[in-house]
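Colleague: I would like a close look at one part of this model, with its surroundings explained. Please take it step by step.

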Amino acid sequence: MVDVAKRAGVALSTVSYALNGTRPISEETRQRIYAAMEELGYKPHALARGLASKRSKIIALLFPTPERGLGLTELEFVTSAAEAARNNGYHLVLWSLPTDSSELRQLLQQGLVDGVLVMEVHLNDPRIELLRELEFPFSMIGRSADSSGMSYVDIDFDRTTQLAVNYLAELGHRQIAFINHSQEAFAAGYGPTVRVAQHFDEAIAAAQLQGISTFCHDSVSAGYEMFNQLLTEYPGLSALIVMNERAMSGIIQAVSERGLSIPDDISLISLVSSARVAEMTLPTLTTLEPPIAELGALGVDLLIQQLEAQDRELPQALLPCQLVVRNSTGQARRTER
């Protein structure tokens with residue numbers, strides 16, 4: 001750093017400010033410092049800087065990939081969080097530990113990361129309990145059953161589910177099925193699975209419709225079998241709300257093999273699914289799309305606020321999904337026969 005300061009013609013402290021962002025400096029000075037670093041081949045050493053400052057400038061994203069896997073929508077959440085961290089001068093690492101992993105305590109106590117962003121939150125989540133016990137800085141994309149005193153951003157599942165049901169009702173659908181994640185995910189208290197199941201029943205009752213709520217494993221074959229089972233039991237079924245992205249192609253295949261058409265015979269809405277997924281499907285899917293970039297960025301921002309003591313309060317935010325109408329929904333035409 002001394003050599004960089006001499007080459008750039010600035011004080012040593014100015015080089016430090018340019019690297020750490022602790023004080024504002026002019027853009028011209030910053031570029032002169034970076035040019036000197038490039039000429040000298042100087043690269044800041046993250047671990048050495050962490051030892052000196054007692055901060056690693058690294059945050060961990062807890063995502064239990066052994067349980068859930070990374071689908072396209074989940075991957076977009078991870079990408080948005082990583083970009084937000086980088087924009088704030090932090091690095092983000094993915095910790096793919098199971099929800100009940102005993103390794104988490106050891107990792108947290110090693111001082112590798114400054115804070116943790118938790119995804120795929122369960123209503124009674126052992127990771128949250130451990131983080132609170134250790135008083136380790138964290139925020140959530142999601143929320144537990146009791147999130148008082150905790151910082152989170154989550155989807156407004158109540159409003160999102162109402163939007164889906166009401167839209168189908170406006171199209172004349174009177175018998176609507178909801179295909180959730182698996183029964184095991186519900187029993188384990190996976191937040192979105194539990195919340196949407198509850199809100200679907202409430203929205204159906206408010207709209208005075210017939211609703212069928214089902215669970216389905218996250219696979220193509222399970223989606224295929226579930227649709228066939230539903231149509232056998234409910235011949236007048238005309239619309240599906242699906243929150244199981246991995247089962248979607250199996251559902252579409254089963255509709256086709258039954259000689260039915262989307263949306264002429266069956267309307268299909270994908271709940272909490274990204275535009276990228278919706279536009280890869282034939283027909284393109286009407287979706288309730290989550291504000292992925294905003295959720296990822298806000299989750300990281302809430303954590304960094306804690307780390308840098310910018311806000312003593314721990315904000316909480318619920319964001320609704322946006323209804324985007326594509327080619328998989330239409331007026332109800334089928335009647336029970």
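Colleague: Does Val-272 count as buried or exposed, and at what relative accessibility?

Modeller: Keep in mind that this is a predicted model. Val-272 counts as buried, because its relative accessibility is 17% and the cut-off for buried is under 20%. Its place is the loop between S9 and H14. Strand S9 covers residues 267–271, and helix H14 covers 275–278. The backbone of Val-272 deserves a look too. Its phi is positive, near 55 degrees, although the residue is not a glycine.

Now the space beside it. The structure holds one cavity of 30 Å³ or more. The largest cavity encloses about 410 Å³. Its lining counts 29 residues, and Val-272 is among the five closest to the centre. The other four are Phe-77, Glu-120, Tyr-190 and Pro-192. Several elements contribute to this wall. Helix H6 (72–87) and strand S5 (152–155) each give at least two lining residues. The same holds for helix H11 (191–207) and for S9. By class, the lining has 14 nonpolar residues, eight charged ones and seven polar ones.

Follow S9 back along the chain. The loop between helix H13 (248–257) and S9 contains Pro-263. A cis peptide bond links Ile-262 to this proline, with omega about 10 degrees. Then go past H14. Pro-283 sits in the loop between H14 and strand S10 (286–289). Here again the peptide bond is cis: it joins Leu-282 to Pro-283, and omega is about 0 degrees. So much for the loops on either side.

Next, helix H11, one of the elements that supply the cavity lining. Ala-203 lies in this helix. Ala-203 is buried, because its relative accessibility is 6% and buried means under 20%. Its C-alpha is 6.5 Å from that of Val-165, yet 38 residues separate the two in sequence. The loop between H11 and strand S7 (210–214) holds Gln-208. Gln-208 is another non-glycine residue with a positive phi, about 60 degrees. Its setting contrasts with that of Val-272. Gln-208 is exposed, because its relative accessible area is 72% and exposed means over 50%, whereas Val-272 is buried at 17%.

For a view of the outside, turn to Leu-12. It belongs to helix H2 (residues 12–20). Its relative accessibility is 41%, so Leu-12 counts as partly exposed. Together with Met-1 and Val-2, Leu-12 makes a nonpolar surface patch of about 250 Å².

Last, the whole chain as a frame. It has 15 helices and 12 strands. Of its 337 residues, 51% are buried. Its C-alpha atoms fill a box of roughly 85 × 40 × 30 Å along the principal axes.

Back to your residue. Val-272 is buried, has a positive phi and belongs to the group of lining residues closest to the centre of the largest cavity.

Note on methods
Residues are numbered from 1 along each chain as its sequence is written. This is a predicted model: local features need pLDDT of at least 70, side-chain atom pairs count only at pLDDT 80 or more; totals for chains, interfaces and linings use all residues. Side-chain values use heavy atoms; hydrogens and water are left out. Patches are made of residues with over 30% relative accessible area and no salt bridge: like charges are joined within 9 Å, nonpolar side chains (Val, Leu, Ile, Met, Phe, Trp, Tyr) within 5 Å. Accessible areas come from the Shrake-Rupley method with a 1.4 Å probe; for residues, only the protein chains shown count as cover. A salt bridge is a side-chain nitrogen of Lys or Arg within 4 Å of a carboxyl oxygen of Asp or Glu. Helices (H or I, at least four residues) and strands (E, at least two) are DSSP runs, numbered from the N terminus. Buried means under 20% relative accessible area, exposed over 50%, partly exposed in between (1.4 Å probe, protein chains only). On a 1 Å grid over the protein atoms alone, a cavity is a set of points where a 1.4 Å probe fits but cannot get out, and a pocket is an open set with protein on both sides within 12 Å along at least five of seven lines; lining residues have an atom within 4 Å of a point. Grid points are joined across faces, edges and corners, and a volume is the space filled by probe spheres set on the points. Ala, Val, Leu, Ile, Met, Phe, Trp, Tyr, Cys and Pro count as nonpolar, Asp, Glu, Lys and Arg as charged, and the others, Gly among them, as polar.
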